[in-house]
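User: Could you take a close look at one part of this for me, the contact between the chains? I work at the bench, so plain language is welcome, and please spell out any cut-offs.

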Amino acid sequence: MNKSLLISLFLIVILGGAVSRVKYEVLFLRKKSQSIQGEIEKCLDDIVVFSAEWSYLNDPNRLKKLCQKHLKEMVPMENCQLISHEDLMNNQYEELYNETKEKSLNSFLNKVLEG
Amino acid sequence: MKGSFFDGFALWRKSRSHSKLMEILRIRIIISCIFGVMIFICISYRLANLMVFEGNVAVKVATNQNGIIRRADITDRNGSLLATSITTSSCYADPSAVIDGNEAAEKLSQIKELPTADTIRQKLSDKSKHFVWIARHVTPQVKEKIMDLGIPGISFQKDYKRIYIHGNLFSHIIGCSDIDGRGVSGIECYFNDQLIISNDPEKKLILSLDLRIQSIIHEELQKNICKYKALGGNAILMSNSGEILALVSLPDYDPNDVAKTPSINMFNRNTLGVFEPGSTFKILNVAIALDSGTAKLNSMFDAKTPIKLGRHTITDFRGKNRALSLAEAFVFSSNIAAVKIARNFGLDTQKKYMEKFGVLEKVQIELPEVGAPLIPARWSDATATTVSYGYGVSLSPVHLLSIIASIANDGIRVRPTLLRNGAFHSDERIVSSQTSAIVRELMRAVICYGTGKKAGIDGIDIFGKTGTAYKIRDHGYGTSGNRSRITTFVGGFSKKNPKYFLIVMLDDPKPIEGTHGFATAGWNAAPVAHDIFGRIIPILDDGIRSQESPLQVTRFLNFN
C-alpha cells in the first residue's frame, strides 16, 4: 500500500509538472498566435484599403479625364472600325486589306530607310 | 490515527459479506457511469448543435458583439470593387469612469470633427451608463488628437466603414447601409444576411453589372437629360440570359453621403417606378396577333376613322388615313390599327397572353424596391382597347424590358437578375420561334423606316420600338400644349442573334432646337439609344456586325 501510494504521489508530481509546462507553453503559443493573427488582420485591412484605392484609381471617369489630358491623339474605337470574321473573308474587303497592308509596309520601309 | 482508520474499515468490512458489498459498489459505479455519460451526451449534443446546426447564428452573435459588423465586398462581373468595408476606429466613453464630464466635453469639442460640447456633455451626464458613442469612424489624425488629450474613460473600438467607391454610379442598385453596417436599401438590403461576414475576406458578392457599360450609360443619359431638359431618365442593358449589365436611374445620389440626399433622388425609376408604356406595348399586341394566328403581316386594318371610347377619341399621331397592313400598323405606330388588331383577337385572348407574358405579376429581381404593375380590377372592353396601344396598365421599366426581351429572345422567357451567373435558365416559351423572328423583323423595320431611325447604327442590326406616353396628372393626361410625356426606346441587337436588350426612358423631355418642335420618343429617346449603342457595341462584342434589311416586312410597307 505504502509503495503504491509513493508511486501515485510521484506520478502526480510528474504529471503536475508536465501540465504546468504544457500550460505555460500554451500561453506562450497563444500569445504568439494572437500576435500573428493581429499582423494578418492588419495586412488584410491594408489589402482592403489598397483594393479600394486601386478601384478608385480605375474609375472610368477618372481614366477618361486622364486619357483626354495625356492621350490627346487617341479616340475611342467606333463601330465602323470593327469587322466580323465573315465580312473580312468577303471579297469587298480584300482590296481594302491589301491596300492597308501595302501602305503599312511602305510606311515601315520609309521609316527604316530614313532611319 | 492511520492504524485506527484501517482497523475501523476492517471491522466494517467484516460486518458485511463480501459479495453484498461488491454488489452495492457495482450498482453505485453503474449509476455514476450512467450519470456521467448522460452529462457527456448533453454537452456533446449542445456542442454539435452550436457548431453544426446553429453555426451561422453563432458566427452572427460573435460578429454582432457591440453592433460591429463587417460586410463582404461587392464587385462587378469583371471583379472591379464596387463596395467594401474598411477598418476604422470609433471613439466611445464610459461616463462612469469620466472624472469631470464638463471638462472632457470642452476638451473634446475643441477637435472640429467631433460633436459640439453640449452634445458630448449630454452624453457623459448619465453616470449609470458604461458605454456611449462619442464619434464613429474617426480618421487616424482625429484619433491621435483625442488620445493626446489623455481623458480617462475615453477609449476607441475597432469599427468598419462601408465605402462605395464609385459614388453615384451604382447608387440605385447597391443601395446603402446604415452606420452600424446593416443594409437599408438596394442589394445591401436584399442580401443583408449573406453580406454579413465574420473573418472571411475572400467572401464577396459578384454582380452581373459591368463597370464600363454602367459608366457609359450613366454619362450618356446624364448628357441627354440636360440636352432635352428632361426631369430625369433611366436605362437598363440586359443580356439574353437575363443578366443586367447596367441599370441607371437619374437623378441619383451618393451612398457615401445619404444624409444630404433629397428623397426624390433615392427613387429607383427602373424597378420601383411604374409607367404606362405607350406604343412600346404594341410589340405585345402584334406578338399576340401573330402567335394566336388571328392576323398575318399582310392582314389589313382600317386606320382611316378615329375610334370613340367613352369621352375620348383614339387617333393616330401623324396618321396615314388609310387601311394599313399589320406591318405598316406597327412600323408607323398606328393607335387606331392597334385597337382593331386587338379587337380582332378579342379580350379573352389578350388577357390569356398578358398572363403568359407575365404582365400581371410583379417582376422578380434581387432588389427590395420593386413596384407591382398597376392593372385594372376588371379586364373590360375599354381596358382591352387601351392596352392595345399601351395605356391602362403601368409597368416598371425592368418589367417591360424583361417581357419584350422574352418575346425577342426566340420566345423564351428571360428573367432579369443582378447576379453574375444568377440567370434562371428556363425553356418556358411564351411565343413561337417564328412569331419572335417576325417581331424582330418588324422592330428592325422601325429602325430602318419608322420612328426609331435615329437609334440606328451603320453595320449593326439594331431592332427596336419607340413609345411616347402622356403622364397622368390631376386625374387626366392634360390638354394639348400642357402635357408631360414619358418617352421610351426599347430594343436590342442583333436581329439575327439577339444578345443584348436596352430600354431608355426620358421623363418629360422638351422640344429643343433640331427636334422641330417635337418631343416624342423618336426625337429624344431614340438618339440616346443611338449614343449608347455607339459606345457599348465595340466593348461588348465584335462578332455581331451585320446589316440586313427586314426583307420579310418591307414588301408589306407602303410609304405613301
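Analyst: Sure. A word on terms to begin: helices are DSSP runs of H or I with at least four residues, strands are runs of E with at least two, and both are numbered from the N terminus. On that basis chain A has 4 helices and 0 strands, running α-α-α-α from the N terminus on.

Some ground rules. You're looking at a predicted model, where local features need pLDDT of at least 70 and side-chain atom pairs count only at pLDDT 80 or more, while totals for chains, interfaces and linings use all residues. Residues are numbered from 1 along each chain as its sequence is written, chains are lettered from A and ligands numbered from 1 in the order written, and side-chain values use heavy atoms, with hydrogens and water left out.

Take chain A by itself for a moment. Its accessible surface (Shrake-Rupley method, 1.4 Å probe; for residues, only the protein chains shown count as cover) comes to about 10,600 Å², with 64% belonging to carbon and sulfur atoms. Of its 115 residues, 9% are buried; buried means under 20% relative accessible area, exposed means over 50%, and partly exposed is in between, using a 1.4 Å probe and protein chains only.

Now to the contact itself, meaning heavy atoms within 4.5 Å. Chain A puts in 22 residues and chain B 23 residues. The size of an interface is often given as the accessible area lost when the parts come together. Between chain A and chain B the buried area is about 1,900 Å², and carbon and sulfur atoms give 53% of that. (Buried area is the accessible area, with a 1.4 Å probe, that two parts lose on being put together, summed over both.)

What about charges? A salt bridge here is a side-chain nitrogen of Lys or Arg within 4 Å of a carboxyl oxygen of Asp or Glu, and chain A and chain B share 3 salt bridges. B:Arg70 pairs with A:Asp45, with the closest N and O atoms 3.8 Å apart. Over all chains, the count is 26 salt bridges. B:Arg70 sits in strand 1 (residues 70–71) of chain B and A:Asp45 in helix 1 of chain A, so this pair joins two chains. B:Arg70 is buried, at 11% relative accessible area, and A:Asp45 counts as buried too, at 15%. There's also a network of salt bridges linking A:Lys64, B:Glu219, B:Glu220, B:Lys223 and B:Arg535.

On polar contacts: those are pairs of N or O atoms within 3.5 Å; within protein, one must be able to donate a hydrogen and the other to accept it, and residues adjacent in sequence count only if both atoms are side-chain atoms. Chain A and chain B have 6 residue pairs in polar contact, both residues at pLDDT 80 or more. As for which parts of chain A do the touching, helix 1 (2–57) and helix 2 (60–70) each supply at least two residues of the side that meets chain B. Helix 1 of chain A gives the most, with 10 residues. Sorted by class, that side of chain A has 10 nonpolar, 6 polar and 6 charged residues. (Ala, Val, Leu, Ile, Met, Phe, Trp, Tyr, Cys and Pro count as nonpolar, Asp, Glu, Lys and Arg as charged, and the others, Gly among them, as polar.)
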